[in-house]
Amino acid sequence: MTVAGNWKMFPGPDPQALRVALGDLPHVVAPPYTRLRDCVEAGLTTYAQNVHWADEGAFTGEISPPLLLSLGVEGAIVGHSERRQYFGETDDGVAKRTAGALQAGLNVIACVGETEAEREAGETQEVLRRQLAVLDAHPRLVIAYEPVWAIGTGRTATPEIAQDAHAFIKSLLDAPVLYGGSVKAENAEELLSQRDVDGALVGGASLDIESFVTICRIGSSR
Ligand code: PGA
């Protein structure tokens, strides 16, 4: 079961201290780009928070799969709702980033999820169907279901909402599905015990060593 920590644009914990605290527990950390090397050198399983599809080129501000692989980075998050919401990323771009990264040899966590307005309008399945339609199953592709209304808000999806969405996603695409959105040490057990919840993508709570290690421990016991 994968438990991945998305540090977003925060410096995050000391990689060495985190490595020691994690011991042998399976984990993924996705620090900001400038901390990737420190995380790799500390022996952490390290992913980037985004990745471009091309090997190289005139794409200011972007990072390519080979550049990440050369650092020892093993994967990337793609299509996080903050990328879609604030930086104009589209389903099409997410598809290209995912395909390019997989082709180059990275693992990918591709994020999907509806906004509050979409859920209230009864459009959750339609949104998930649209976001997933551009992705093809691949042995190194994992989906993260992150309802936008639950990210950074302290409002977690109920285990039933998560289970329903995960089962729906799996009916469309054969891939493990992580849940993301205000996962904490206190609610991880309940969420991770759902049949189709295959792990967690953790934002805020991954910045604290103790809570992240607790969530990883819960994940490894499932
Ligand atoms: P959160 O973020 O755990 O702080 O809600 C999750 C995410 O955005 O991946």
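## The ligand and its surroundings

The ligand takes up the space of the second largest pocket. Keep in mind as you browse that this is a predicted model.

Who are the neighbours? There are 14 residues around the ligand, and those that come nearest are Lys8, His80, Glu146, Gly152 and Ser182. Sorted by class, the shell holds seven polar, five nonpolar and two charged residues.

Let's turn to the polar contacts with the protein backbone. The table lists three pairs, each joining an oxygen atom of the ligand to a polar backbone atom.

| Ligand atom | Protein partner | Distance |
|---|---|---|
| oxygen | Gly152, polar backbone atom | 2.6 Å |
| oxygen | Ser182, polar backbone atom | 2.8 Å |
| oxygen | Gly204, polar backbone atom | 2.8 Å |

Gly152 and Ser182 thus appear twice here: they are among the residues that come nearest to the ligand, and a polar backbone atom of Gly152 and one of Ser182 each pair with a ligand oxygen. How much of the ligand does the protein bury? Taken alone, the ligand exposes 280 Å², and the protein buries 95% of that.

His80, another of the residues that come nearest to the ligand, deserves a look of its own. You will find His80 in the loop between strand E4 (75-78) and helix H4 (81-86). Is His80 buried or exposed? His80 has a relative accessibility of 5%, and since buried means under 20%, His80 counts as buried. The side chain of His80 also has a polar partner within the protein: one of its polar atoms lies 2.9 Å from the backbone nitrogen of Glu82.

Conventions. Residues numbered from 1 in each chain as written. Predicted model: local features only at pLDDT ≥ 70, side-chain atom pairs only at ≥ 80, totals over all residues. Heavy atoms only, no water. Near = heavy atom within 4 Å. Polar contact = N/O pair within 3.5 Å; in protein donor to acceptor, adjacent residues only side chain to side chain. Areas by Shrake-Rupley, 256 points an atom, 1.4 Å probe, with all protein chains shown as cover. 1 Å grid on protein atoms, 1.4 Å probe; cavity = no way out; pocket = protein on both sides within 12 Å on 5 of 7 lines; lining within 4 Å. Sits in = over half its atoms within 2 Å of the grid points. Nonpolar A, V, L, I, M, F, W, Y, C, P; charged D, E, K, R; others polar. Helix = DSSP H or I, 4+ residues; strand = E, 2+ residues; numbered from the N terminus. Buried < 20%, exposed > 50% of the residue type's maximum accessible area, 1.4 Å probe, protein only.
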